[in-house]
Each structure stands twice: as structure tokens, then as C-alpha cells.
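Grab a coffee and have a go at these exercises. Try each task yourself before you read its solution.

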Amino acid sequence: MECEKLCPIAAQASVGALSVSLFGGEITIESVDMRASVAAGSANASGNVSASSVNGLAVLGQLVTPTANVVMPLDDWGSLELLGSLVEAVQEPPRSAKAAATAIRVKLIADHGGLAAGSMIELGNVFTAATAAPPATTPVPSAKPPAKPSAPRPVIPPDAPREPGKSIP
């Protein structure tokens, strides 16, 4: 593939999970489908995680409708972040983009379920990145062929005998 400016680059990442249960059923999820995609080329760069989803989420016995980048408390022992994501795009050449998403992130502020305070559980992580490739370069042929080195003239000592004719100066 040859490109005149920057060659376009695209990347995708996905991960899924079914029937997840944490802390003896205190957090349950029917399904996780996380997707991230990025593209970078000569005109722009972009990233997307909007196709990601968490379905059938129940937290402490209550059904929860997942909303992106929402953090909710887990009683007095932690917090739950839903659909955390980050998308960055650089529009200056060479253009680039990266996208990351996490279905759920549980952070413990107290010991719970056999885990120590400060523990973190992440489920459904995706990350992808792309940077536009520089154009392929081909050497430009020069207008004239390179000059051949001239053969050195023989050095004739001044007192060398001269032959008749004009072949030797």
C-alpha cells in the first residue's frame, strides 16, 4: 500500500464475559461486551468505546442500569465504577488515537470478602491505540548518472627517456 501523506491505521479490541458473580452474589452481571476501536490517518484521528455494554447488573440485591463513568458506593466497604472509559485523539501529525474501557471496577476501602482494603477488581478491560504511519518514501533518482572517477594520470619523472612521437608529453 502506498500513501501520499500518512497511511491510515485502525485497531480494535473486544472482550466479553457471561454470568459473573462477585462477593458471593453481592454483585452479579449477566453479560459484559466491551469494545474499543481507533483510527488515525492523514485527515484525522478518532476513538470509540460506545458499543460497550454491561447487561443484567445487580448490586447488593438491586438491579442497576449501567451508565458510563458512574461511581456508586458499596455499603461501607467500597465503590463500584461502571463503564469507565477514556478516549484520546491527537490531531497534529502524526495523528494518533487511543481508547480504553473497563466494564466494572470495584475498589475496597475496607476488608471485604477475604480481600484487604485497597484491593481493586477490574472486569472487562479493553485498550487499543493507533498512530498514522508516515508515507512510504522512495528514493528520487538523480537527473544525471554519478560521475565516474577519472583515472589518475601517470606520473613521469622529469629525467625519464622520451620516446619518439607525441604519445608522452
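Below are three short exercises on this predicted model, each with a worked solution.

**Exercise 1**
Find where R95 sits and work out whether it has a salt bridge.

*Solution.* Start with the location: R95 is in the loop that runs between β8 (78-90) and β9 (96-108). Next, check its surroundings: R95 is buried. Now look for a partner of opposite charge. The nearest such side chain is E92, and it's 6.5 Å away. A salt bridge needs the charged atoms within 4 Å, and R95 has none. Finally, look at the backbone: a polar atom of the R95 side chain lies 3.0 Å from the backbone oxygen of S42.

**Exercise 2**
Count the aromatic pairs and describe the geometry.

*Solution.* The count comes to 1 aromatic pair. Its partners are F23 and W77, with ring centres 5.2 Å apart and 65° between the planes. Planes over 60 degrees apart count as edge-to-face, so that's the label for F23 and W77. The pair links distant parts of the chain, 54 residues apart: F23 is in the loop between β1 (9-22) and β2 (27-40), W77 in the one between β7 (70-74) and β8. Both F23 and W77 are buried.

**Exercise 3**
Pick out the residues that touch the most other members of the largest nonpolar core, then follow I104 outward.

*Solution.* That core has 34 residues, and the ones to pick are I27, I29, L57, I104 and V106. Elements giving two or more residues to it are β1, β2, β5 (57-59), β8, β9 and β10 (120-131). Now I104: leaving out residues up to four places away in sequence, its contacts include I27, I29, L80, L82, I121 and L123. Two glutamates, E81 and E122, are also among the residues I104 touches.

Key: Residues are numbered from 1 along each chain as its sequence is written. This is a predicted model: local features need pLDDT of at least 70, side-chain atom pairs count only at pLDDT 80 or more; totals for chains, interfaces and linings use all residues. Side-chain values use heavy atoms; hydrogens and water are left out. Helices (H or I, at least four residues) and strands (E, at least two) are DSSP runs, numbered from the N terminus. Buried means under 20% relative accessible area, exposed over 50%, partly exposed in between (1.4 Å probe, protein chains only). Lys and Arg count as positive and Asp and Glu as negative; His and the chain ends are not counted. A polar contact is a pair of N or O atoms within 3.5 Å; within protein, one must be able to donate a hydrogen and the other to accept it, and residues adjacent in sequence count only if both atoms are side-chain atoms. Rings of Phe, Tyr and Trp (its six-membered ring) pair if their centres lie within 6.5 Å; planes under 30 degrees apart count as stacked, over 60 as edge-to-face and the rest as tilted. A nonpolar core is a set of buried Ala, Val, Leu, Ile, Met, Phe, Trp, Tyr and Cys residues joined through side-chain atoms within 4.5 Å. Contact means heavy atoms within 4.5 Å.
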